[in-house]
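The following exercises concern strand pairing, nonpolar packing and charged pairs. Please work through each task before reading its solution.

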Amino acid sequence: IRLWNMDSGISELQLMTTPHGLRSLHFSQDGTQLVCVKWAAGNVDRFQFPIRIYDLHTGQLKWQLPGCRQRVRRLVFANDQTLVASYSETQLLEIWELESKNRKLIKHVGGEIRSMKFSPDCRSIAYSSTDGSLMVCDLQGDNLFKVLSPHPIDRLVWADNQTICCQYLDDGDLNTKSGTFRLVQSTWALD
């Protein structure tokens, strides 16, 4: 992984090298950390390709999580940088507590996740599936809400702890459309 200064065009930081490349990476909201996982070629031991978190000021490895059961397809930081979510090819969503390096939650999602995002207060995670569903999981009480979207959701953004803005492609058309889901009396509904 190399980080480049966009103004000068000079590579300023090299974090690691890998012959297989990277499968997924995500920057923390404040840009001080990077979570990534190497691409795993063939059938390999999951501990050979752990989830790594780097400090971007020093370039040092900050945390190394044991790794998921299968190849990781998506990674995302929580806003407060205490949690990381990973989604693997076995359709498992795993929430990791960084200080303890333990899994907080493991859910079989039953479909491919296109996008996932923690709520601003880090108490929930929303994820969209290729079947057009939006799932919101309460990380405190383990409640799961499912909402059907008119189209597969391509991108999620939390406006606040009770509002999710979504961007999706209309029937495969290149024109993007958007919708808003709000929490209304413990039910998520499309506005």
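Contact here means heavy atoms within 4.5 Å. The model is predicted.

**Exercise 1.** Determine which residues Ala85 touches, and place Ala85 in the nonpolar packing.

*Solution.* Step 1: leaving aside residues up to four places away in sequence, Ala85 touches Arg74, Leu75, Val76, Leu93, Glu94, Ile95, Met116, Phe118 and Ile125. Step 2: the largest nonpolar core has 18 residues, and Ala85 is among those that touch the most other members, together with Leu93, Ile95, Met116, Phe118, Ile125 and Leu139. Step 3: at least two residues of this core come from each of β8, β9, β11, β12 and β13. Step 4: a separate second core of 12 residues includes Val35, Val37, Trp63 and Val84.

**Exercise 2.** Establish the strand order of the open four-stranded sheet and identify its edges.

*Solution.* Step 1: the order is β7-β8-β9-β10, with antiparallel pairing. Step 2: β7 (72-77) and β10 (102-108) each have a single partner strand, so one side of each lacks a neighbour in the sheet. Step 3: from one strand to the next, the twist averages 20°. Step 4: five bridges join β7 to β8, and Val76 stands opposite Ala85 in β8.

**Exercise 3.** Locate the salt bridges and classify the exposure of their residues.

*Solution.* Step 1: the whole structure contains two salt bridges. Step 2: Arg73 pairs with Glu112, with the closest N and O atoms 3.5 Å apart. Arg73 lies in β7 and Glu112 in the loop between β10 and β11, so this pair ties together parts 39 residues apart in sequence. Step 3: Glu94 and Arg103 form a salt bridge at 2.5 Å, N to O. Step 4: buried means under 20% relative accessible area; Glu94, at 0%, is therefore buried, whereas Arg103, at 28%, is partly exposed.

Note on methods:
Residues are numbered from 1 along each chain as its sequence is written. This is a predicted model: local features need pLDDT of at least 70, side-chain atom pairs count only at pLDDT 80 or more; totals for chains, interfaces and linings use all residues. Side-chain values use heavy atoms; hydrogens and water are left out. Two strands pair if DSSP finds at least two bridges between them. Axes are lines fitted to C-alpha atoms, for helices over the stretch in contact, and angles run from 0 to 180 degrees between N-to-C directions. A nonpolar core is a set of buried Ala, Val, Leu, Ile, Met, Phe, Trp, Tyr and Cys residues joined through side-chain atoms within 4.5 Å. Buried means under 20% relative accessible area, exposed over 50%, partly exposed in between (1.4 Å probe, protein chains only). A salt bridge is a side-chain nitrogen of Lys or Arg within 4 Å of a carboxyl oxygen of Asp or Glu.
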